[in-house]
Each structure stands twice: as structure tokens, then as C-alpha cells.
Amino acid sequence: MTRDLTIAEVRLTPILVADAPLLNTQGVHQPYTPRLIVEVVTAGGITGLGETYGDTKYLEPARSLAERLPGRSVMDVNGLFALDLAVDQDRIRGAVDAGGLRGVQSADKLRLSVLSAFEVACLDAQGRALGLPVHALLGGRVRDAVEYSAYLFYKWAGHPEGVTAEPDDWGAALDPAGVVAQARKFTERYGFTSFKLKGGVFPPAEEIAAVRALAEAFPGHPLRLDPNGAWSVETSLKVARELGDVLEYLEDPALGTSAMAEVSAGLRGAARSASDKGGGGRRAGVPLATNMCVTTFGEIKEAFTEDAVQVVLSDHHYWGGLRNTQHLAAICDAFGVGVSMHSNTHLGISLAAMTQVASTVPNLHHACDSHYPWQSEDVLTERIAFTDGRVAVSDAPGLGVELDRDELARLHRRWAEDDGTMRERDDAAAMRVAEPHWRTPVMPRW
Ligand SMILES: [Mg+2]
């Protein structure tokens, strides 16, 4: 009977997960962030797991989808994506997209962000039923471990006084020395060898100094800087020129495809004229990466035609699942564009899904991003381990992870008891607790 793959029940559990006071150009992470855990249970008694954003605008379509799945097969993933998923347009317009850090907001992107969790849960259930890892269902792994980068943030030592929050032991990081100390902790704890700094927080000169300090502390290691579109074209070019010799890539320096294309053209021109003069120019053409101007299939054509980006950071949540991630990687490959992986605050179910799909992508040549080390809480019986900055690809059936029901219940209680302020992620609102006059900055900031 375990082979009866008809969906008998779908369980949705919204939770609030503790988060550290990580700064970005829009504000600061809230003390708790919403996530949604999806369980798809088959008639044969197998449960598949998925995870996605937990804000109300995702919960509502997830609930309507969950009601329609019983009676369908977990094998019918194409049918799942064909379901008409009503999305409240007003809610999208009025919603805060974590400060717009993930690019355009559209009904289709929101729909895919919900469907992806169900796709992952169906693939997990299929794998468990067949005794195969998810990567085998995706064509098989081409590597046995996936490399991740240390995701460095400017951060406060703790959330503002008087705010209910869980403490963290990372300390403050508000200057170059603090950033380097944080990077050292990442290497000691997890063995990461490449580093990404979330920028757009302080004036560019301070962030250039921080990256220079990292380059000095970790010579030769891949470094990235991501100001989330906070800079003008001119500032982007200036930073790229100053850091061109140490950056693996510069992520979303300017906002939007045309600004990115201008930066890209400026860098190519600089590289050409330097090489015409016979030296030193090779690294001036530092590649541009994005998880903001290419976030949907519809945005690819213009960006690639204009050579606006050289690396696309995929994210299976909003690209619409693990199979779409593979499709995206194939398109990037065809156009000679690199591919890696973006991350938002997430738990172990998503890390397992990211690792499974990343293991199947031949042209993944950069370490993936992950917020997981920042999450002290998880809903798994066993945390996923980073060894030498890598996650071993599980060959166990499905995603290879098990749900800790007590922990899931505890984090759900936190969500249920919240007065509503933490249920929608809003980094600008969280910043206003410390700085009452804070407003979402107008871009470009610098
Ligand atoms: Mg980014």
C-alpha cells in the first residue's frame, strides 16, 4: 500500500523562526520570520516535505491549493503546475516583498513561490515511495557535495532593547574588523572558503574597506558584495574598479536590467581599454550577478540580450521548484551565463532541496548562498551539517530529512500566539523600532 501515491491529505503549518538582527539596505531582519511547512501525505502513508515563505500573501493561495490536492497523485507534478491558483492582486500590490530584495512582484511569481513548496513535497514523497533520493528523480547527481559560501552581514549585537527576541552568539559586525571577525567564525564553525557580504548598508567607501579587509585576511578566496541595487551606475562602476582585482562577482550593484546593462557595458569598455594598453585590465571586467533583475523566465531575454548579467542566482522558491531550476540552468548554459544560488532566510527542508537540485546542475561553478547558519532553530530531527563549507548530497530516499514534530509544534505556537506583527516580514518596520524615522530608501541611495 505504500505505493498508493494518491494524495490523501495536505498539512500546512505556518511557523515563526528566530532570526538575527541582520542589516540590509531596506532595514533589518525581524526577530522572527514567517515560514510555511508543507506536508503532502499519500494514501500509502508516505509524507513528503516542502518549505516556502510564510507571509499571509503566500499562505492564502497555499491553503486554496492544499484543498484541491487530495485525490491527485504525487507523481503528477506537471498537473500541479497547471492548476489555476488564484492570487489576490491587491495583496501583491500592497505587500512588502522583504523590501523588494527579490526583484519584481507579480502574481505569477507569487504563484510559483507557493507551488515550489508543493513540488518539493511531491518529489520528496515520490523518492520515499521509490526508495530513491530526489536527485535521482532529477536525473542524478553530478557531484557528491555542494559548496556554499559564508553569507556575511553587517549586524547589531542584538535586537533593540525591549523587543522579544532570541539571543545569538555572533556579536556585532559594523565595520571592517567586525566583518572579518564574523568571517573567521564562519570558517571555524563551518569551513567556508568563499565569502559574500550583504552590502548597501553603509556608504560604499566603508563597504569597499570591508571587502579589502576580507581580501587581506583571506587572500585568494572568492569574495562577493551584494548591495541589493543601492548604487547608481556611476557608483557601481567606481566600486567595481576599486575591487575588480578581488571580487569573484559583484551582485546587483544597480537596480534593474538597464542600469545593470550600463554597468556591464562600462566594465567591458574599461577591460578592453586596459588590455589595449597592454596590461592589468583582465579583472576590471568583474562579472555581475543577480537575483533581482532576472527572477522570472520572462526577464531572461532582455537581460541576456543586453549582456546585463554574467551570473544568475537561481532560487527554487520563486523560480518555481527544482525542475524549473534545472531549466534555468540549461538556459544560462546555452547563453554562456553562469549560475549559482540565492538564499533568503530558510530552514533545513529548503537547504536539503537546494542541495539535491544543485547536485544535478553541471554548470554550477560558484558556491551557493545560504542563510542556514544564521538559523539557530530548525524543524528537522537533525540539523544539516556543513563540512569544509560543503553539504554532502544525501542518497537517502527523498530529501533525506525527517521532521521534528515537537519543534514544528513549538514554532507554530509562536506563530499562533503572535499579535500579527511578525507574520509579515517587513525589514523597514523592524528598523523603525530602533530608528523611528526610518523609511524604505529611495534607490539609488548612493
Ligand atoms: Mg542578492
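Two strands count as paired if DSSP finds at least two bridges between them. Keep that cut-off handy for the exercises below, and remember that this is a predicted model.

**Exercise 1. Work out how E8 and E9 pair, and whether the residues of E9 are buried or exposed.**

*Step 1.* Start with the bridges: strand E8 (residues 195–198) and E9 share four of them. The cut-off is at least two, so E8 and E9 pair, and they do it in the parallel sense.

*Step 2.* Pick one bridge to look at. Lys196 has Arg224 in E9 as its bridge partner.

*Step 3.* Now check the two faces of E9 (residues 223–226). Leu223 and Leu225 sit on one side, Arg224 and Asp226 on the other, and all four are buried, so both faces are covered. Arg224, the bridge partner of Lys196, is thus one of the buried residues.

**Exercise 2. Find the strand order in the open sheet that holds E1, and say which strands are at its edges.**

*Step 1.* Three strands make up this open sheet, in the order E1-E4-E5, with antiparallel pairing.

*Step 2.* Look for strands that pair on one side only: these are E1 (7–18) and E5 (47–53), the edge strands. Ignoring direction, neighbouring strands are turned by 20 degrees against each other on average.

*Step 3.* Zoom in on one pair. E4 (residues 32–42) and E5 are joined by seven bridges in the antiparallel sense; Val40, for instance, has Gly48 in E5 as its bridge partner.

**Exercise 3. Identify which helices pack on that sheet, and at what angles to E5.**

*Step 1.* Helix H4 (residues 107–130) lies across E1, E4 and E5, and runs at about 160 degrees to E5.

*Step 2.* Helix H13 (residues 348–358) packs on the sheet too, touching E4 and E5, with its direction at about 100 degrees to that of E5.

**Exercise 4. Describe the largest pocket and the second largest pocket by volume and lining.**

*Step 1.* Take the volumes: about 310 Å³ for the largest pocket and about 250 Å³ for the second largest.

*Step 2.* For the largest pocket, 18 residues form the lining, and Arg383, Ile384, Ala385, Gly400 and Val401 lie nearest its centre. H13 turns up again here: this helix and strand E14 (390–392) each supply at least two lining residues. By type, the lining has eight nonpolar, six polar and four charged residues.

*Step 3.* The second largest pocket is lined by 18 residues, with Trp170, Pro373, Trp374, Gln375 and Ser376 closest to its centre. Its lining splits into 11 nonpolar, two polar and five charged.

How values were computed:
Residues are numbered from 1 along each chain as its sequence is written. This is a predicted model: local features need pLDDT of at least 70, side-chain atom pairs count only at pLDDT 80 or more; totals for chains, interfaces and linings use all residues. Side-chain values use heavy atoms; hydrogens and water are left out. Axes are lines fitted to C-alpha atoms, for helices over the stretch in contact, and angles run from 0 to 180 degrees between N-to-C directions. Contact means heavy atoms within 4.5 Å. On a 1 Å grid over the protein atoms alone, a cavity is a set of points where a 1.4 Å probe fits but cannot get out, and a pocket is an open set with protein on both sides within 12 Å along at least five of seven lines; lining residues have an atom within 4 Å of a point. Grid points are joined across faces, edges and corners, and a volume is the space filled by probe spheres set on the points. Ala, Val, Leu, Ile, Met, Phe, Trp, Tyr, Cys and Pro count as nonpolar, Asp, Glu, Lys and Arg as charged, and the others, Gly among them, as polar. Buried means under 20% relative accessible area, exposed over 50%, partly exposed in between (1.4 Å probe, protein chains only).
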